[in-house]
Amino acid sequence: MKLFSFLDTNEKKIIESYIPILKVAKKANSMIPELISNFNILVNIHNLEKRADTISFEIKNEITKGAIAPNLIDDLLELV
């Protein structure tokens, strides 16, 4: 490599030994946007699960208060 023309042979070998690490780092860095995108998807899924839990809790409260008839419970279970 021209860039290393001022180095002696041992120094060149040491510096060149770092090249594979740099390639791995470059590949890892290129994967970061995908990781962030997947993280955002996971956050969205988590938020949907929390909302579903809230709705489920509200339905359970309505059932225990007697506000929902037993036949409607069966229909709800069929839908789920």
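How many buried residues are there among the 12 residues of H2? The count is zero, and H2 is hardly covered. The stops below lead to this helix and then past it; keep in mind throughout that the model is predicted.

**Whole chain.** Start with everything selected. The protein has four helices and zero strands, and from the N terminus its elements run α-α-α-α. Of the 80 residues in the protein, 4% are buried. About 7400 Å² is exposed, with carbon and sulfur atoms supplying 65% of that area.

**Colour by confidence.** The mean pLDDT of the protein is 80, and 85% of its residues reach 70 or more. Among the elements, H2 has the highest mean pLDDT (87), while helix H4, residues 70-79, has the lowest (71).

**Select residues 19-30.** This is helix H2, and Ile21 is found in it. From first C-alpha to last, the 12 residues of H2 reach 17 Å, close to the 16 Å expected at 1.5 Å a residue.

**Select Ile21.** Show the side chain. Ile21 has a relative accessible area of 55%; exposed means over 50%, so Ile21 counts as exposed.

**Add Ile14, Tyr18 and Leu22.** Together with Ile21, these residues form a nonpolar patch on the surface. The accessible area of the four comes to about 450 Å².

**Select residues 32-64.** This is helix H3, with 33 residues. Place a distance between its end C-alpha atoms: they are 47 Å apart. Why does that agree with the expected span? At 1.5 Å a residue the helix should span 48 Å, because the expected span is 1.5 Å times one less than the number of residues.

**Select Gly66.** Gly66 follows H3, and its phi is positive, near 85°.

**Select residues 70-79.** The tour ends at H4, the element with the lowest mean pLDDT, 71.

Methods
Residues are numbered from 1 along each chain as its sequence is written. Side-chain values use heavy atoms; hydrogens and water are left out. Patches are made of residues with over 30% relative accessible area and no salt bridge: like charges are joined within 9 Å, nonpolar side chains (Val, Leu, Ile, Met, Phe, Trp, Tyr) within 5 Å. Accessible areas come from the Shrake-Rupley method with a 1.4 Å probe; for residues, only the protein chains shown count as cover. A salt bridge is a side-chain nitrogen of Lys or Arg within 4 Å of a carboxyl oxygen of Asp or Glu. Helices (H or I, at least four residues) and strands (E, at least two) are DSSP runs, numbered from the N terminus. Buried means under 20% relative accessible area, exposed over 50%, partly exposed in between (1.4 Å probe, protein chains only). pLDDT is the predictor's confidence in each residue, from 0 to 100.
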